Amino acid sequence: MSITERPAAAPPSFHLLAKPTGAICNLDCTYCFFLSKDALYPGDRMRMSDETLEAYVRQLLAAHTTPEVTIAWQGGEPTLMGLDFFRRAVELVEQHRTPSQRIEHTIQTNGTLLDDEWCEFFAANRFLVGLSIDGPREMHDTYRVWKNGRGSFDDVMRAWELLQRHGVEVNVLCSLHAANADHPLEVYRFFRDEMGVRHLQFIPIIERATPDTLDLANAGWSERPGRHRMLYVQEGDLVTERSLRPEQYGEFLIGVFEEWVRHDVGEVFVHMFDVTLGAHVGLYTLCIHSPTCGNALALEHNGDLYSCDHFVEPEHLLGNIGTTQMVELVASPKQRAFGQAKADTLPRQCMECDVRFACNGGCPKDRFAVTADGEAGLNHLCPSYLSYFHHVDEPMRRMADLIRSGRFADEICEEYRARDAVTGRNDRCPCGSGRKFKACHGGT
Ligand code: SF4
Ligand code: SF4
């Protein structure tokens with residue numbers, strides 16, 4: 001198979017999450033609807049073959065015209081493939097990359113299988129490891145459980161310590177849900193103070209359901225004896241009891257922001273704050289808040305390429321890289337239309353919204369609410385986006401101005417602290433929680 005010409009619609013670079021074990025995972029996190037995706041491949045061993053691995057690496061490198069290429073592994077749990085699979089992946093990358101290509105290896109893991117050997121490998125090959133932790137023990141263990149129901153907190157803490165000991169760069173991925181989203185300060189201070197985390201990403205859990213599927217969805221997505229389950233697809237305007245309420249994500253982000261902006265700018269990197277600051281200087285770094293998307297795809301273990309990690313479902317299958325070149329699938333009219341629809345399907349409320357430059361309507365998977373005047377297609381999290389983007393507007397503008405004038409954004413911490421010095425300890429906290437300042441962001 002070869003291509004004679006690069007398709008005109010091919011983007012210079014794109015992001016691809018490869019799932020070498022498909023949806024297979026050794027944990028059984030209650031909110032993880034990806035677990036249900038094994039129903040797409042009944043009877044399959046769900047392991048990426050050497051042939052598919054080689055095609056993936058070669059085609060991904062050839063499809064990029066930018067010097068930076070990210071090789072990203074995800075699952076399921078990718079470490080179930082064993083370390084030799086990833087040694088081979090790195091070897092293939094070195095074999096196929098051009099001298100001018102700079103490679104970033106990343107992997108998202110639950111951490112439970114990591115040991116010294118894995119961590120030595122990550123450190124030697126400069127992997128960026130995304131480690132999933134949902135906060136302090138009781139919050140983490142509510143949903144992040146083993147197949148016997150036992151919480152995985154101790155296992156992930158062990159992984160964190162191993163990774164730290166080997167000097168591996170780690171980004172903590174914290175899913176937000178019913179068990180932790182009402183506790184922004186507790187969650188953030190746990191990561192910052194008890195663990196010493198410096199890179200943090202919060203991921204709102206929204207599991208959709210219809211009146212017919214809600215009970216099944218509430219029961220979770222794992223394969224259990226006697227449990228009937230279904231393939232999760234993005235449909236329905238109901239959400240599970242684990243999912244965030246429309247306003248909850250905004251309250252959480254504001255709670256964290258008010259702490260971060262006083263103490264941690266330039267020290268702790270919270271992905272959403274970087275994304276928002278980027279939008280204030282015209283840079284879009286996250287598909288969810290970019291005007292269009294379509295450049296963040298998912299590759300299944302057998303070479304099937306899907307439009308997006310959140311749309312691994314039959315309707316959004318683009319083709320297989322074993323029979324069609326990846327760059328052709330990425331540039332295909334179907335995929336370009338998928339990405340353009342993010343902008344073209346915005347309801348009028350979004351078009352007229354004063355924070356659209358930063359929000360851009362959020363991810364289409366979450367657009368199942370109705371606007372004030374009855375139009376479909378509004379994001380479930382719109383109340384959160386409105387409150388958060390309004391709340392941070394002034395400090396984000398200030399930080400953008402500081403950066404543009406060649407100064408450091410962290411000067412804003414001092415400005416906040418000067419303001420705090422004249423705020424009464426019994427005054428209402430500026431975060432909007434309704435609590436006294438001393439019992440909220442004025443406390444420690
Ligand atoms: S559908 Fe959502 S997650 Fe997928 S690429 Fe578009 S914005 Fe990103
Ligand atoms: S805040 Fe709400 S109305 Fe505004 S762009 Fe975002 S989703 Fe649309």
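# Notebook: sheet, helices and ligand shells

I began with helix 1 (residues 50-63), which lies across strand 1 (15-18), strand 2 (68-73) and strand 10 (296-299), and I noted that it runs at about 150° to strand 2. Everything I write here refers to a predicted model.

**The sheet**

I then looked up the sheet to which these strands might belong, and found an open sheet of 10 strands in the order 9-6-5-4-3-2-1-10-11-12, with mixed pairing. Strand 9 (269-270) and strand 12 (317-320) stand at the edges with a single partner strand each, so one side of each has no neighbour in the sheet.

Which strands does strand 1 pair with, and in what sense? I found that strand 1 is joined to strand 10 by 4 bridges, the two running parallel, and that strand 1 also runs parallel to strand 2, to which 2 bridges join it. For single residue pairs, I wrote down Leu17 with its bridge partner Ala298 in strand 10, and Ala18 with its bridge partner Trp73 in strand 2.

Further along the order I checked strand 3 (residues 102-109) and strand 4 (residues 128-132), which pair in the parallel sense over 4 bridges; here Ile107 stands opposite Val129 in strand 4. Strand 5 (residues 169-176) and strand 6 also run parallel, joined by 5 bridges, and the bridge partner of Leu176 in strand 6 is Pro204.

Which residues of strand 6 (residues 199-204) make up its covered face, and which its uncovered one? I recorded Leu200, Phe202 and Pro204 on the covered face, with His199, Gln201 and Ile203 on the uncovered one.

**Helix 8 and the loop after it**

For helix 8 (residues 248-263) I compared the length with the expected one: its 16 residues, at 1.5 Å a residue, should span 22 Å, and the end C-alpha atoms are 23 Å apart, which agrees. I next counted burial, and since 12 of the 16 residues are buried, helix 8 is largely enclosed by the rest of the structure. Among the buried residues of helix 8 I listed Tyr249, Phe252, Leu253, Ile254, Val256, Phe257, Trp260 and Val261, and also Glu251 and Glu258.

I followed the chain to Val268, which is found in the loop between helix 8 and strand 9. Val268 has 19 other C-beta atoms within 10 Å and is therefore partly exposed, the cut-off for buried being 20 or more. Leaving aside neighbours within four places in sequence, I found Val268 in contact with Arg192, Arg198, Leu200 and Trp260; Leu200 belongs to the covered face of strand 6, and Trp260 is one of the buried residues of helix 8. I also looked up Val268 against Glu169, which is 99 residues apart from it along the chain, and their C-alpha atoms are separated by 13 Å.

**Backbone angles**

Most residues other than glycine have a negative phi, and most peptide bonds are trans. I went through the exceptions with that in mind.

Met46, which is not a glycine, has a positive phi of about 55°. I placed Met46 in the loop between strand 1 and helix 1, and it counts as buried because it has 20 C-beta neighbours inside 10 Å. Asn360 likewise has a positive phi of about 55° although it is not a glycine; this residue is found in the loop between helix 13 and strand 13 (369-370), and with 25 C-beta neighbours inside 10 Å it counts as buried.

The peptide bond from Gly75 to Gly76 is cis, with omega near 5°, and I located Gly76 in the loop between strand 2 and helix 2 (83-96).

**Ligand shells**

Which residues are around ligand 1? I listed Cys287, Ile288, Cys293, Ala296, Cys308, His310, Lys342, Cys363, Pro364 and Lys365, a shell that has 7 nonpolar, 1 polar and 2 charged residues by class.

Around ligand 2 I listed Gln349, Cys350, Cys353, Val355, Arg356, Cys359, Gly361, Gly362, Asn379, Cys382, Tyr385 and Leu386, which divide into 7 nonpolar, 4 polar and 1 charged. Which helix gives the most to the shell around ligand 2? I found that helix 12 (348-351), helix 13 (356-359) and helix 14 (382-391) each supply at least two residues, and that helix 14 gives the most, with 3 residues.

Terms used. Residues numbered from 1 in each chain as written. Chains lettered and ligands numbered in written order. Predicted model: local features only at pLDDT ≥ 70, side-chain atom pairs only at ≥ 80, totals over all residues. Pairing = 2+ DSSP bridges. Contact = placed C-beta atoms within 7 Å. Axes fitted to C-alpha atoms, helices over the stretch in contact; angles between N-to-C directions. Near = placed C-beta within 6 Å. Nonpolar A, V, L, I, M, F, W, Y, C, P; charged D, E, K, R; others polar. Expected span 1.5 Å × (residues − 1).
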